[in-house]
Structures are given as C-alpha cells and as structure tokens.
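Here's an informal tour of one protein chain, taken a region at a time. Have the viewer open and follow along.

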Amino acid sequence: MRSVVRRPFLLLSAAIAASALIVACGGGGGGGGAVTPTTISGSVVKGPVNAANVCAYKAVAGGKGDQLGCTTTNASGAYSFDIQYTGDVVIEASGGTYLDEATNVSKPLSTPLQVVIASSGGTATGIVTPLTSVAYSMAKGMSGGVSSANFSTAATNVATQFQLGSINIATAAPTIGTGANLYGKALQAFSQFVAAGGSFSAFVTWTNPASFQSAYSSAYVVINGNSITFTFTGTGINPGGGSTESCGITVAGSGTVSANGGSFPFTLPPTKICVTGLPSGACAAGNSQLQSLASAGATPAGNYSISYTYAYAPNDCAGALVTVNYQ
C-alpha cells in the first residue's frame with residue numbers, strides 16, 4: 001500500500017519540478033527567452049522642442065497600437081529610452097515648447113509629430129519633425145498601412161519632394177539657424193509657412209497639398225533667401241499622358257485691414273508664380289486650383305478682407321519668383 005501512495009506523490013513532485021524548470025527557462029512555446037531591449041534615441045525638431053512627451057507605440061496598420069513607454073526631451077530636443085519589444089514602432093512627440101524660427105517666439109507644440117522605426121534590440125534612431133509626420137501620414141494610405149517598410153518608402157518620397165537629396169529624414173539631424181543644412185532649411189520654410197497663415201495640421205497630415213504648395217515655396221524664399229523648385233504630389237492636377245505646358249501666373253491683390261477702430265486700404269504687389277507639367281490648355285482663367293496656388297491657397301487671418309486678380313501666360317515663366325512642378 002505504501003508504494004501505491006508514494007508513486008503519485010513522486011510523479012506530482014516531478015511534475016512540479018519540471019514546471020518550475022520551464023518557468024525558469026522562459027516558458028514553453030514561442031521560442032522562449034527574454035526580449036532584448038532596444039535603446040531608442042533621437043530628437044524632436046520644430047526648432048528643438050523642450051519638455052516634449054515622447055512615447056513609443058506598437059505600429060499597426062492605422063497608426064498607433066499599444067503603448068510601450070514614454071520619456072521627455074531635454075532643452076535641446078533630445079530624448080532616449082529603452083523598450084522591451086521586437087517589431088515596428090511609432091514614436092510620437094507632443095507638448096513641450098520650441099523657439100519658432102520664423103517669429104523668434106516660444107510656442108507650444110500643439111500638433112503631435114511622428115516617426116516610425118524598427119525595434120530589434122541594440123539601438124535605433126528616430127528624428128521627429130514635421131517632415132517625418134508627412135511620411136507617417138503617407139504610410140497610412142499605403143497598402144498594409146503603417147510599418148517601418150512603408151514609412152521608409154514614404155520618407156524617401158518626402159526627401160525627394162522637398163529637394164533633400166539622399167538625406168534620411170528619420171535618422172539625420174536637421175541644423176537650424178545660421179549654417180542650416182537642407183533639412184533645416186526645409187523646416188524653417190515650414191515655420192514661415194505657418195507664420196504666414198498656413199495650417200500646421202493640414203501640412204503634416206498632407207491634406208490637399210495643392211492648397212499650400214505655392215505658399216510653402218514662397219515661405220522658403222522669404223526665410224532662406226533663395227528660391228527652389230519643389231515637386232509635391234497628390235495635388236489633384238493630373239497631367240496624364242498627353243502634352244504638357246507651363247503656366248506663368250501673376251497674382252495681385254487689394255483689400256482693407258481693420259485696426260484701432262478704423263479701416264485701412266492696402267495693396268499686394270504683383271507676384272509671378274510658374275507652374276510646370278500642366279495638361280495643355282490648363283493655363284487659363286477660371287482654373288480654381290491654379291488660382292488657389294497663386295494666391296497661396298488662403299486668405300489672411302484676422303481683420304482682413306482681400307480680393308485677388310490673376311493674369312495667365314501659357315509657357316511664359318520669365319521672372320517667376322517660384323516654380324512648382326506637377327507629376
């Protein structure tokens with residue numbers, strides 16, 4: 001009888017010991033083993049953003065999944081933290097303050113910015129800027145949605161459209177101010193674009209680029225002192241496979257501004273914009289998309305009223321301040 005009683009006890013003891021061994025070795029199934037931590041570091045730049053909240057999320061097709069960890073940036077906009085996860089990760093920055101390049105005024109970062117990285121142990125870099133947010137928005141609309149592969153493709157597209165050459169916008173640090181590099185100049189132009197009344201959120205979500213492309217081009221000239229030809233896609237003007245033409249559009253304006261109980265008239269001097277790659281015959285009066293481009297796509301905010309006049313010159317871009325290409 002004793003041997004009958006002992007055998008189940010011995011089997012139970014052996015089972016408990018085996019279970020403890022499995023737990024100690026990381027559990028059964030799925031390969032086991034602890035996930036190697038990834039140290040993610042980078043910076044948040046719109047100028048450098050101080051005290052921004054930077055969080056990591058599992059990347060899912062629609063954007064952000066489960067949160068993996070958070071940290072804050074220092075005065076220079078830099079951040080660093082560890083996560084225990086293998087896979088694609090969305091880094092999002094929100095809050096904090098930055099010195100605006102266009103106005104030299106401290107402003108809060110009210111619109112979140114994102115970048116996407118691959119986490120596989122070791123180290124990873126994630127530079128967070130308005131341009132990486134444009135790439136993030138593009139990735140959302142691609143087949144499969146947000147992933148590090150789609151983001152990489154979109155980031156290359158963004159670098160091309162903003163004339164940044166081979167710069168990797170997710171890992172290269174922009175230089176702002178005196179001695180600004182191409183990346184920094186692109187961000188400075190974005191600040192000038194917003195200071196002139198452009199929409200921060202519409203830009204980073206890449207909503208209807210036709211409505212702000214010309215305004216951004218003009219802002220680039222104002223803050224950087226040199227003109228550049230940009231190619232923004234997703235404009236809604238499709239040249240198709242037929243012949244194309246350029247269009248010189250001269251826009252002028254006049255209106256009134258209300259201040260101190262009075263109304264004061266003002267005029268905007270004629271400015272010429274060149275649009276290339278248009279379908280033949282598109283350079284004509286009544287083209288609302290071209291009018292939106294030429295007038296910077298917006299009416300000034302505040303106590304202003306303004307009306308524009310347009311003059312169209314097919315295939316005549318002589319003297320144009322900026323040139324915009326369509327594909």
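How do the residues of the lining of the second largest pocket divide into nonpolar, polar and charged? Before the answer, one caveat: this is a predicted model. The lining splits into 9 nonpolar and 8 polar residues, with no charged ones. That's a lining of 17 residues, and the ones nearest the pocket centre are Phe151, Ser152, Asn168, Ala170 and Thr171. The space inside comes to about 240 Å³. Strand 8 (113-119), strand 9 (122-125) and helix 3 (148-161) are the elements that each supply two or more residues to this lining. Helix 3 gives the most, with 6 residues.

**The disulfides**

Now for the cysteines. With sulfur atoms required to sit within 2.5 Å of each other, the count comes to 2 disulfides. Here they are side by side.

| Pair | S-S distance | Torsion about S-S | Handedness |
|---|---|---|---|
| Cys55 and Cys70 | 2.0 Å | about 105 degrees | right-handed |
| Cys274 and Cys317 | 2.0 Å | 70 degrees | right-handed |

Take the Cys55 and Cys70 pair: the torsion about its S-S bond is about 105 degrees, so this disulfide is right-handed. It links distant parts of the chain, with Cys55 in strand 2 (residues 53-60) and Cys70 in strand 3 (residues 63-72), 15 residues apart. Are the two ends buried or partly exposed? Cys55 has a relative accessible area of 4%, and because buried means under 20%, Cys55 counts as buried. Cys70 has 36% relative accessibility, so it is partly exposed.

On to Cys274 and Cys317, whose sulfur atoms are 2.0 Å apart. Cys274 lies in strand 12 (residues 262-279), while Cys317 is in the loop between strand 13 (304-314) and strand 14 (322-325), so this disulfide ties together parts that are 43 residues apart in sequence. Cys274 comes out at 3% relative accessibility, so it is buried. Cys317, at 22%, counts as partly exposed.

**Helix 6 and what follows**

What span should the 12 residues of helix 6 (residues 213-224) have? At 1.5 Å a residue the expected figure is 16 Å, and because the end C-alpha atoms are 16 Å apart, the two agree.

How many of the residues in helix 6 are buried? The answer is 9 of 12, so the helix is mostly covered by the under-20% cut-off. The buried set is Gln213, Ser214, Ala215, Tyr216, Ser217, Ala219, Tyr220, Val221 and Asn224. As background for reading that list, an α-helix has 3.6 residues a turn, so residues three or four places apart point the same way.

Right after helix 6 comes Gly225, with a positive phi near 80 degrees. A little further along, Ser227 lies in the loop between helix 6 and strand 10 (230-231). Its relative accessible area is 45%, so Ser227 is partly exposed.

Which residues does Ser227 touch, leaving out those up to four places away in sequence? They are Val221 and Leu321. Val221 is one of the buried residues of helix 6. Finally, try putting a distance label on Ser227 and Ala320: their C-alpha atoms are 10.0 Å apart in space, with their positions 93 residues apart in sequence.

Note on methods:
Residues numbered from 1 in each chain as written. Predicted model: local features only at pLDDT ≥ 70, side-chain atom pairs only at ≥ 80, totals over all residues. Heavy atoms only, no water. Helix = DSSP H or I, 4+ residues; strand = E, 2+ residues; numbered from the N terminus. Buried < 20%, exposed > 50% of the residue type's maximum accessible area, 1.4 Å probe, protein only. Expected span 1.5 Å × (residues − 1). 1 Å grid on protein atoms, 1.4 Å probe; cavity = no way out; pocket = protein on both sides within 12 Å on 5 of 7 lines; lining within 4 Å. Points joined across faces, edges and corners; volume = space filled by probe spheres on them. Nonpolar A, V, L, I, M, F, W, Y, C, P; charged D, E, K, R; others polar. Contact = heavy atoms within 4.5 Å.
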